[in-house]
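Visitor: I am new to this structure and would like to walk through a few of its details, with the reasoning behind each answer. Could you show it to me before we begin?

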Amino acid sequence: MTQGSKSWLADVFQQRYREITLPAIVFGIVIGVVMNAAITYSGLKIGFTLGGSAIAAVLGWGVLRGLLRKGTIIENNIAQTIASSVNTSNSGVIFTVPVLFILGVDFDPIWLAAACMAGAVLGVAFIIPVRKQMIDFERLRFPTGTAVAAVLRSPGEGVKKAQVLLAGIFVSMLVFFFTQHGVLGFGYGDLGIPGLHHDSLDVALWIREIPLIGRFWHESMEFTWYIAPFAIGAGFITGRPGLVVLAGGILAYLVITPIAFTSGWMPPDVSAADAGGWARTAMNRNIGIGMLMGGAFMGLVFALPAITAALKSMKRAESSGAEREELPLKVLYIAVVLAFVVLFFAARGTVADGSIGQALTIAAVGTAWMWFAGIVIAQCTGMTDWSPISGMALLTVMICLLLADNQVVPAVLVGAAVCVAITLCADMMQDLKTGHMVGGLPIRQQFLEMTVVWIGPLVCLGVVYLLAQKNMEQFGEAFAGNTDMPAAQAAALHGAIDGIRGGSAPVHLFGMGGLMGAVLSLSGMGGLGVLVGLSMYLPLGYLLPYGLGCLIQMFCLKKKGPAWTESWGVPFAAGLLVGEGLLGVVFAAIQVLG
Amino acid sequence: MKKTIGKLLLTIGTVIAGIAAAGSEKASRTVDLSSAQSFAGEYLFEETEGLARGTELTAQAVTDLRAAGLDAVSVATPPRDQEALGTSDELEGRVLASDVSLGTEAKEVAVGRTVSEALLANVVASGITSVEVEGPSGTETLRVDDPKLVGRRLAEAITVQEPVTLKEGRFIDADVASRLDSAGIVEVPVKITKEFRFDRWEHRWWFLIGVGVMVAGVVVMRSGKPVISEDPSGATGLPGPAALKAMVEKMTSAVEELAGRVDSMSGEEIRGALDPLFDQYGQPFVEGREVITSTYGGATFAQIMGPFASAERRLNRSWSAAVDGYLEESQEQLKAAVPYLREASAAFPN
């Protein structure tokens, strides 16, 4: 075993191989800040958000390796790690913070910023002990992380594989290009093919035309496929386990929905065409959220022996002087204590007529929930690439409203911190998966993320504040309403908050789903409860191309074998994943710039 | 076979439980007309025997329905989705069912504000006949009926009477309740939230049956053993523990052999030697890992997979360094992988 230095910091900076460099750090921060600001803006204006790892990897390839002619594979990994960590927090902020502006309540921006920064640091810290479990033991696929690794490794994979990767990017861009009718003024819908819309294909329309079979396909059974190459790519990389996701979607949309509709469970004014949407909002989504929770909890219980073994091996490595792979556990402990303290004072400063005991409870529950929800999100992302942030935001705010006597400001403030934390959990794991595949040392990625991750919430909050200020001056409102910034995700959460405060939280559905998810996860099929729950939560339109990707991978495995599928199929799929994201940013920029 | 039956039971149970769970949100419930109780306050969920949807089940309506031969009907749940409450009633904690106008209030509109259609309507309603706006060369005064006014930015602050509306869905807290009272609002439409009642959940037994079938499926699945063979190719089921151990040992030997001569290898040669290792031993071992857990338990699994993954990461680093031309690093990392592979191999119980 390689003998590392006593100081873990020396493990971070010890290198013969160009890895942590000033160009990588500067590039990562700059790209991360620019992406964060841009995606915050587009998220508030048109609801578009993006993880950023893939873009950073491609840009880093071009800048560090192309322009500077120096960048190594693992240096580029560091650059994309930093960029994505600085960028990612916008998802958590966009979902929650604008609610405070929409409500027009007074709040202390200092505490909000402190809580979000604490959440960001905690999100990275919490994942330290879970890395081994998810990446080394469970071997979760983390499709985006795998795709980014394919991009980073492409210089060494040979010209042919690089061409395959580029082909995937090109095909993805080409297919995605014609879905952007809003910008182009033309699209697939102009082809005049029945059922083909600008960004989706209504296959149910065709099925209903098939003699004999068609009449059995009820009108309420939606079967619309979104034209989403990234979903096919993600499904391919996930493979067979992803089929469970499709199965859950079939249960929600093709079994529960038509039964609910034909049995008269829906209000009479809900048409067959709207049945899927009604069922998703009133039934399936909430059952799915419950399943996620129950499945994740049971999965955690089963994983405890392995997690305990992983923690023991970390402690042994620390005391033996062997080369460390992770940050020391004391970093986690310090981060937890610091975050708890920040959440405590944030709660203390925002809960009207609150007691010290209440603030302690909010801080303790908020910290514990952050850890659990972060693991759930990381697990979902690892298994499928989908992350149910909005569902977690809803649950978080619900719990916080309960603890804070229905007061919105502390609930949203803690909710924002938790959402930032859990998005960082998922992002860190994606980056660590990439790091594993290219040989990056986890401790270095973790250290760098912890030192820069606080930048993200500051940038994002700064943009939110500036935009709110500008809108107040221009429209008299911060977001939504008469402004040109609907802040769709926050507006949805706002609506849900009012409903929860009014007593309409579907706790019974969460409970039923939780029980089902727990039983599913008892089956021994890894993460089954989480996967089925996730699929009941997501729109079917994305699940279908995702499932197609899984089926294509299984077909390739059978016909061509694992080596071929991994060597040629994965780079192409990675290209599909990356290409849509790259072009998506361009179109988002065009839309927001008017 | 057991696993297949178990999966089937699990699937069927999930479908049954899922449908039953969804049924808890149905917008109606069935009431038994043959019972003697009063159904006042219940409303028909759909048109029934000539009575329109939403008809209250008064005594007469019930009589008419019984006369038509019906002994059960569907009623809406909740009976109404909204009700009107007086502002002296307990409003706090409720949610508005529709927009409520609180009249108008004087509001200063700051310099720089863009004149929208809505703002212009308020300006006109406030009796203002002209406003100063920013122009290409300073400020200019435009009349309120000038079509060029919309979209311009105010050059002066103005005070308008702005309508105050509480939107549908707004939560009524103490502040909102006070504003309603102050505005002289007498009655407020509030939403009636659907309460879940276990005794009224018609499908509760189906849910429990579904969960029971799921549990049975889990029991059957877990009692079945994975099809394990000692065929390392996995063609006839998963490779057995001995086959998995052999894979790790072969990989260890191969890497040891490489480590012995790596100092004389080029980056290209290192890369070319590493790729087949993953395909031949690494990937099949990873795919068969569930056998280790089911055979030896989670703790032993961790003792094997932990060092294996550490070795794997070092081999990946060796590959990357070889590509980037850092030959010394590539060689060192390849050698560094050996002890971890030995540790993984040794962790297999005898």
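Visitor: In which helix of chain B is B:I209 found?
Guide: In this predicted model, the residue B:I209 belongs to a helix that covers residues 204-223 of chain B. That helix is α5.

Visitor: Is B:I209 buried, partly exposed or exposed?
Guide: B:I209 has a relative accessibility of 43%, and a residue is called buried under 20% and exposed over 50%, with partly exposed in between. Because 43% falls in that middle range, B:I209 counts as partly exposed.

Visitor: About how much accessible area does the nonpolar surface patch with B:I209 have together?
Guide: B:I209 shares this patch on the surface with B:F198, B:W205, B:W206 and B:L208. Taken together, these nonpolar residues have an accessible area of about 580 Å².

Visitor: How many of the 27 residues of α9(B) are buried?
Guide: Helix α9 of chain B runs over residues 298-324 and reaches 38 Å from its first C-alpha to its last, close to the 39 Å expected. This helix is mostly covered, and the number of its residues that are buried is 24.

Visitor: Which residue takes a positive phi just after α9(B)?
Guide: The phi in question is about 85°, and the residue that takes it, just after α9(B), is B:G325.

Visitor: Why does A:R240 count as exposed?
Guide: A:R240 lies in the loop between α11 and α12 of chain A, and it helps to form a positive surface patch with B:K3, B:K7 and B:R222. Exposed means over 50% relative accessible area, so A:R240 counts as exposed because its relative accessibility is 61%.

Technical notes
Residues are numbered from 1 along each chain as its sequence is written. Chains are lettered from A and ligands numbered from 1 in the order in which they are written. This is a predicted model: local features need pLDDT of at least 70, side-chain atom pairs count only at pLDDT 80 or more; totals for chains, interfaces and linings use all residues. Side-chain values use heavy atoms; hydrogens and water are left out. Patches are made of residues with over 30% relative accessible area and no salt bridge: like charges are joined within 9 Å, nonpolar side chains (Val, Leu, Ile, Met, Phe, Trp, Tyr) within 5 Å. Accessible areas come from the Shrake-Rupley method with a 1.4 Å probe; for residues, only the protein chains shown count as cover. A salt bridge is a side-chain nitrogen of Lys or Arg within 4 Å of a carboxyl oxygen of Asp or Glu. Lys and Arg count as positive and Asp and Glu as negative; His and the chain ends are not counted. The place of a charge is taken as NZ of Lys, CZ of Arg, CG of Asp or CD of Glu. Helices (H or I, at least four residues) and strands (E, at least two) are DSSP runs, numbered from the N terminus. Buried means under 20% relative accessible area, exposed over 50%, partly exposed in between (1.4 Å probe, protein chains only). The expected span of a helix is 1.5 Å times one less than its number of residues.
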